[in-house]
Amino acid sequence: MSGSGERGKDYAEGSSSSSQQPTTPSRYESQKRRDWNTFGQYLKNQRPPVPLSQCNFNHVLDFLRYLDQFGKTKVHVQGCMFYGQPEPPAPCTCPLKQAWGSLDALIGRLRAAYEENGGSPETNPFASGAIRVYLREVRECQAKARGIPYKKKKKKPSQNKGTIEESSSSSPMQFSTP
């Protein structure tokens with residue numbers, strides 16, 4: 001009978017059965033919460049513990065390096081005979097690390113979680129330029145080690161200026177100059 005109490009609570013809060021909010025968070029929200037909790041635990045385990053208010057980009061960089069030990073992506077070192085080969089024919093002793101894409105997604109989630117938990121965008125350590133530089137270096141290093149070129153995609157010149165299709169981009173914000 002506990003379910004009827006829940007329905008009463010929903011009704012009291014102004015929701016109806018036809019427009020109920022999902023009871024389980026999305027996969028992204030769940031992962032963001034887990035990542036935030038993991039980072040918080042990492043800070044607590046530092047000697048001395050680091051309060052979130054004192055956290056800076058150096059703590060974030062240390063956290064990213066710490067995560068490498070749990071990585072699953074083989075990253076060949078320059079002396080390895082398979083360096084630069086996307087699919088090496090045999091195993092080697094090169095280290096496993098976190099893949100660049102995983103780190104990039106993690107930073108995106110932590111950046112959002114920081115602000116959702118009361119942090120100011122101006123002091124967000126996950127939004128630091130040093131973090132962007134680190135991620136770019138990891139991407140380039142892993143690309144070279146695996147023989148996969150990461151080339152910046154050039155924007156195609158638009159043919160129909162001012163059309164609706166052009167104005168609907170994947171970017172949530174668009175700024176126009178007067």
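The expected span of a helix is 1.5 Å times one less than its number of residues. Keep that in mind as you move through this predicted model.

**Stop 1: helix 2.** Select residues 27-44, which make up helix 2. With 18 residues at 1.5 Å each step, helix 2 should span 26 Å, and its end C-alpha atoms are indeed 26 Å apart, so the two values agree.

**Stop 2: the buried side chains.** Stay on helix 2 and show Ser30, Lys32, Asp35, Trp36, Phe39, Tyr42 and Leu43, which are buried. What do the buried residues of helix 2 pack against? Bring up helix 3 and helix 4, and you have their packing partners.

**Stop 3: His59.** Now move to helix 3, where you will find His59. Is His59 buried or exposed? Its relative accessibility is 18%, and buried means under 20%, so His59 counts as buried. Select its contacts next: leaving aside residues up to four places away in sequence, His59 touches Phe39, Tyr42, Leu43, Val50 and Gln54. You have already met Phe39, Tyr42 and Leu43 among the buried residues of helix 2.

**Stop 4: the largest pocket.** Finally, select Gln31, Arg34, Asp35, Thr38, Phe63, Leu67, Phe70, Gln98, Ser102, Leu103, Leu106 and Arg109, the residues that line the largest pocket. Helix 2 (27-44), helix 3 (57-67) and helix 4 (100-116) are the elements that each give two or more residues to this lining. The pocket holds about 270 Å³ of space. Color the lining by class, and you will see 5 nonpolar, 4 polar and 3 charged residues. Asp35 is one of the lining residues, and Asp35 is also buried in helix 2.

Technical notes: Residues numbered from 1 in each chain as written. Predicted model: local features only at pLDDT ≥ 70, side-chain atom pairs only at ≥ 80, totals over all residues. Heavy atoms only, no water. 1 Å grid on protein atoms, 1.4 Å probe; cavity = no way out; pocket = protein on both sides within 12 Å on 5 of 7 lines; lining within 4 Å. Points joined across faces, edges and corners; volume = space filled by probe spheres on them. Helix = DSSP H or I, 4+ residues; strand = E, 2+ residues; numbered from the N terminus. Nonpolar A, V, L, I, M, F, W, Y, C, P; charged D, E, K, R; others polar. Buried < 20%, exposed > 50% of the residue type's maximum accessible area, 1.4 Å probe, protein only. Contact = heavy atoms within 4.5 Å.
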